[in-house]
Amino acid sequence: MSSPEFFENVKAKAVANVFFQGNVVSHSIWDASGVRRSLGVCQPGTYTFTTGDPEIMEITAGNVRAKVDGEDEWGVYGPGQAFHVPANTSFEMVVEDGVAQYICTFG
């Protein structure tokens, strides 16, 4: 999987999504066809996220360990790798050092 370097013709929400006392911050964007994404940065830590819509979490920088609810094993993901999260579930994500960046695509 090749991460895009730029998104063109998008609408962006000016106010950031701030989670976990500012350790995870993202901005929401919508492309011309209405697809919603968030572009985010995670500081080191362990985080549990819940989902409403299905998500594809693509790592663009750094490394994470992740485990989707219902799975037995943790996956390790680096730049250009992604994991899928079903709707109405949760996942755990661990950033052990440095920062990790991601693109989350909803729907």
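**Notebook: an all-strand chain**

I started with contacts: counting those between residues at least 6 apart in sequence, 59% join residues at least 24 apart. A reminder to myself that this is a predicted model.

**Entry 1, the whole chain**

I looked up the secondary structure next and found 11 strands and 0 helices. Going along the sequence, I wrote down β-β-β-β-β-β-β-β-β-β-β. The radius of gyration is 13 Å, close to the 13 Å from the globule rule for 107 residues, so the chain is as compact as a globular protein of that length. For a viewing box, I noted that the C-alpha atoms fill roughly 40 × 30 × 25 Å along the principal axes.

**Entry 2, surface and charge**

How much of the chain is buried? I got 35% of the 107 residues. The accessible surface comes to about 6,200 Å², and carbon and sulfur atoms hold 49% of that. I then checked the charges: there are 6 positive and 13 negative ones, and their mean positions lie 9 Å apart.

**Entry 3, strands β6 and β9**

I went to strand β9, residues 82-85, to see where its side chains point. They alternate: F83 and V85 face one way and are buried, while A82 and H84 face the other way and are not. Which strand pairs with β9? I found β6, residues 55-61, running antiparallel to β9 over 4 bridges. Following one residue across, I saw that I56 has H84 of β9 as its bridge partner. H84 is also one of the β9 residues on the face that is not buried.

**Entry 4, T50**

I picked T50, which sits in strand β5, residues 45-50. Is T50 buried or exposed? Its relative accessibility is 67%, and exposed means over 50%, so T50 counts as exposed. Leaving out residues up to four places away in sequence, I listed E55, T89 and S90 as what T50 touches. E55 belongs to the residue range of β6, 55-61. I also took the C-alpha distance from T50 to M93: 11 Å in space, with their positions 43 residues apart in sequence.

**Entry 5, S38**

For my second residue I chose S38, in strand β4, residues 36-42. S38 has 6% relative accessibility; with the buried cut-off at under 20%, it counts as buried. What does S38 touch, beyond residues up to four places away in sequence? I noted S26, H27 and S28, and also Y102, I103, C104 and F106.

Note on methods
Residues numbered from 1 in each chain as written. Predicted model: local features only at pLDDT ≥ 70, side-chain atom pairs only at ≥ 80, totals over all residues. Heavy atoms only, no water. Helix = DSSP H or I, 4+ residues; strand = E, 2+ residues; numbered from the N terminus. Rg over C-alpha atoms; globule rule 2.2 N^0.38 Å. Buried < 20%, exposed > 50% of the residue type's maximum accessible area, 1.4 Å probe, protein only. Contact = heavy atoms within 4.5 Å. Areas by Shrake-Rupley, 256 points an atom, 1.4 Å probe, with all protein chains shown as cover. Lys, Arg positive; Asp, Glu negative; His and termini not counted. Charge placed at Lys NZ, Arg CZ, Asp CG, Glu CD. Pairing = 2+ DSSP bridges.
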